[in-house]
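Here are some questions about the terms applied to one model and the values behind them. Each answer sets a value against its cut-off.

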Amino acid sequence: MTRRHPLDGLEREIRAHIERETEENVERGMTSAEARRLALIKFGNVALTREDTRAVWASRWLDQLRQDVRFAFRSYARTPVFTSVAVLTLALGIGANTAIFSILNGLLLRPLPVREPAQLVLVTDDEAAPRARVWNFPIWDQLRQTSQHFEAVAAWSFIRFNLSSGGETQLVEGLWATGSFFETLGVPAIVGRTFSDLDDQRGGGPDGPVAVISYGYWQRQYGGAADAIGRAVQLNTVPFTIVGVTPSDFFGPEVGRTFDFIVPLATERLIRPSDSAVDSCCTNFLSVIARLTTEQSLDSAVARLRTAQPEIREVTLRPWAAEAGQAAIDRYLESPFALVPAANGFSNLRLRYERPLLIVAVVVALVLLVACVNIASLFLARAVARRHELSVRLAVGGSRWRLTRQLLTESLLLSGVGAGIGLLFAGYGSAFLTRQLSTSTSTVFLDVSIDGRVLAFTVAVTGLTALLFGTAPALRAVRAGSTDALKEHGRATTEQAHGGLTDLLVVVQVTLSVVLVVAAGLFGRSFASLKYRELGFQPDQILVVYIDAQTVMVEPSQRVPLYERALDAVLELPGVTEAAISHVTPVGGGGFTPAVEITGDQRPGREASITLPANGEVFGNLISPRWFRTFGIPLVAGRHFTDRDRRGAQRVAIVNEMFARSFLGGDNPIGRIITLYPNTPRALSPIEIVGVVADAVYTSARDPVPPTWYLPIAQFDIPGFPFSATRLSVQATAGSPVLLTDRVETAIASVNPQLALTFRALPDQLHASLTQERLMAQLAGFFGSLALLLAGLGLYGVTAYTISRRRTEIAIRMALGAAPRAVMGRALARISLLIGVAIVVGAGISLWASRFAAGLIHGLTPRDPATLVGAALVLAVVGVLAGWLPARRATRIDPVAVLREG
Amino acid sequence: MSKEPRIDLLQGTLDLLILRTLQLGAAHGHAIAKAIQRTSDDVLLVEEGSLYPALHRLIKRGWITFDEGASENNRRAKFYRLTPKGRKQLVVETTKWEKLTRAIARVLRPA
């Protein structure tokens, strides 16, 4: 029917009404003005009339919605326990999903908060593996000089600045950045100014060394005061002037990190005059970013860069390249530059956490699915209980669509309320999780605020959730609410046809729970295997002091003696059992991996020499004599280093057992000769192996113990080796090693008050080194338990409901002489069968999915059978328990009472 | 004009009056207002604007409907008329109304 809507022509109708009245008034003898005035008065408020009339129609849909919502609220209020369990479940499920998504959003999706981020590209050398490649200064210099291909290029490097002028460090996050940095990114200053090439001069620009601070630091340190501009601040004892503040949303060029200070790259020479990376030919430390012009495509930019490449490579060839051989030179010259899009910034954090986070995202999605299934079965039970109400409504002419809509409104309302609470959870949850990622050595900063994308995600998840748990029960309820339900006396004597769907829901729920419990088991066991791993050293009593001598006016060659004097001062302290200095400490970050050659096997039939390249498979350390005792690493053969192993004496080395096993076939290594940096002018030889120590973890508890050699730090006299910093490890006699901090600081200050000291307890470092595994274990454990709880509740609910529906049948059976045990057995048999099927399917899925956890699981295989069996057992126990409790109640039915009710 | 004071319409009674008026035949808005006023001897005051939301409410409930047509001086107008459902409703409403007035009368003048 194309009937016109009653509202059409309303305007004309009102006008006609007033005209008619006016005409009648004129006929009564009024003037036309008077007639019209009275007509208008009599009609009343025209605009209001129009509005009220329209409202009659506009409110129909809204009215029904309001009605539905009010009705839904009422019906939820009648079942407070069901409602709160459902809302809480949904809040947790949706909240967890939102939290993880907002982290993924911050880490992967959000564009950098800069001008036209899509034009930014990162200069790297491998398109396939876009890692955060860093370059040395000469290459950057060449890139800058050939930068006419690009609109702009910039480079930066992260650094921690020390605000204190000696003694314990007060570290802030910083960036060296080229003068083009702010212009290239298009980041303005909100107060003061940014800096430019003018400021990026050796020794500082016209205003001397300048610094730009972040909004966060401005607020924290200066309370956002405008007079922060112009203030002087000492970074590593060099005075800088603050000239500007960056916008609040600018966290820097790398996702996952943030900064307090940005200073011009050229001031690096002021801060570390004798160790400057800018002045060095070969220190790779700069990230380089370029902005393409608007008409430039990525491919054409790459092509242009490649044409400039031979020249850039030629000019930046290392001075000692000739010794490395022609092949190495050619490899260097031909190694291509590449550009990768950097709209979302680039991030080491992303590389590390992308896969774990995606796994967690899948885990929380599965938990939400379990929650949906759970609520769906509750709804199903509820819908059957409401069948009478629904059939009455259908019988008196309610439309099926209207009823379906009513039921879906109820679902949506439930998930909407859940999502609202979930958003609150998510805000806390994502902030909590990112805080967990931060350790004492690296601060993780991620913008996880809830933006449009996160909100859209949450709304979509909420809608989907409501459909998932609401549709099937709603359709079934409306279908079942047909007239025969009226005839039925509200009680069933036989199993209902809805059993199929309920069974399916039970199987799905238990299956998902199996997968989640397996994941929890794997990550938990993996973390435990790392945490309780035999490290090979005793970390508990050790305080590690990072001593930085860069700001001390001492010749680099005099630094080791300075460190030794500091060591002697600390060894005098009461409460210190042992102490030693070293170039590297276990799990302290960094590794020392020069090439090594082993010679000295004179026996016939053996290779005279083995060369081990500097590929990171063999690790070295430079230590003082009591280092092994400080760390509790036992000597297996030969002797320890002594104070006589100094410059001028025979060079000596100690290797670990793994070194002997890996390269000498288990032969006694003592007496063999090694050479460091073989075939280069700085080759260090001959070094005689004088001892063997037990294996100990080097970089990380995750990695197997590498073949390791140790040299006396006092004998390591390669020209130009900076020793700009060292690590002093102190073993406390008793109590927490942190308690030694003040005494150690005073002792070192008495040797030289300018040395910058950073204190870290080794147990804390170990703790921090396992952050990722701990977090995965906690998250998987939490969500695994949640799924288990939900599955248990769901099974309990379904069994209890089924049994309550079959009370009459059970009563009849018992009246006819069935033993309670048999009745219970029947109830349990079915649920056991379902759980059995689900466990088998779940185990299969877990086996398949385990491939995605490869590389994240340590100390066991991702298909660990014990974990699988354990998970199956846990589910079986929970399932049978959840079935047994209501089943036991069934046996207590009093047949007489039940049958009388009928 | 009447000397008696005019009475404001009770909530909902306007619907009844409209149905009653339309029982006599189709009419446009102005005519309905006039009829209500005239047949009540000008006692009942209809703020004429409020007629329109009421008419639309009745259309929505399916008690009345309308046709487009030309009025006395060839104006285009909507003529409202009762539907069969509206006719039934009028009986219901009238009965309800009579019950109500009888009850109120008994309260005011107990026998």
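Q: Which residues is A:Gly666 in contact with, leaving aside its neighbours within four places in sequence?
A: In this predicted model, A:Gly666 is in contact with A:Ala660 and A:Arg661. Contact requires heavy atoms within 4.5 Å.

Q: Why is A:Gly666 called exposed?
A: The relative accessible area of A:Gly666 is 53%. Exposed means over 50%, so A:Gly666 counts as exposed.

Q: Where does A:Gly666 lie in chain A, and what separates its C-alpha atom from that of A:Asp645?
A: A:Gly666 belongs to the loop between α19 (657–663) and β19 (673–676). Its C-alpha atom and that of A:Asp645 are separated by 26 Å, with the two residues 21 apart along the chain.

Q: What makes A:Glu13 and B:Lys78 a salt bridge?
A: The closest N and O atoms of A:Glu13 and B:Lys78 are 3.5 Å apart. The cut-off between a side-chain nitrogen of Lys or Arg and a carboxyl oxygen of Asp or Glu is 4 Å, so the pair qualifies. The count between chain A and chain B is four salt bridges.

Q: Which helices of chain A supply at least two residues each of the side that touches chain B?
A: They are α1 (10–27), α2 (32–43) and α3 (46–78). The largest share, ten residues, comes from α1(A). By type, the residues on this side of chain A divide into seven nonpolar, seven polar and 13 charged.

Q: How many residues of each chain are in contact across the interface of chain A and chain B, and what area is buried there?
A: There are 27 residues of chain A in contact with 27 residues of chain B. The buried area is about 2400 Å², and carbon and sulfur atoms give 50% of this. In chain A, the residues that lose the most area to chain B are A:His17, A:Arg20 and A:Lys42, together 27% of what that side buries. Ten residue pairs across the interface are in polar contact.

Q: Which members of the largest nonpolar core touch the most other members?
A: This core has 97 residues, and the members in question are A:Trp156, A:Phe181, A:Ile262 and A:Val510. Not counting residues up to four places away in sequence, the residues that A:Ile262 touches include A:Leu175, A:Phe182, A:Val212 and A:Phe250. Another core of 53 residues lies apart from it, with A:Leu543, A:Ala579, A:Val655 and A:Tyr698 among them.

Methods:
Residues numbered from 1 in each chain as written. Chains lettered and ligands numbered in written order. Predicted model: local features only at pLDDT ≥ 70, side-chain atom pairs only at ≥ 80, totals over all residues. Heavy atoms only, no water. Core = buried A, V, L, I, M, F, W, Y, C linked by side-chain atoms within 4.5 Å. Buried < 20%, exposed > 50% of the residue type's maximum accessible area, 1.4 Å probe, protein only. Helix = DSSP H or I, 4+ residues; strand = E, 2+ residues; numbered from the N terminus. Buried area = accessible area lost by both parts, 1.4 Å probe. Polar contact = N/O pair within 3.5 Å; in protein donor to acceptor, adjacent residues only side chain to side chain. Nonpolar A, V, L, I, M, F, W, Y, C, P; charged D, E, K, R; others polar.
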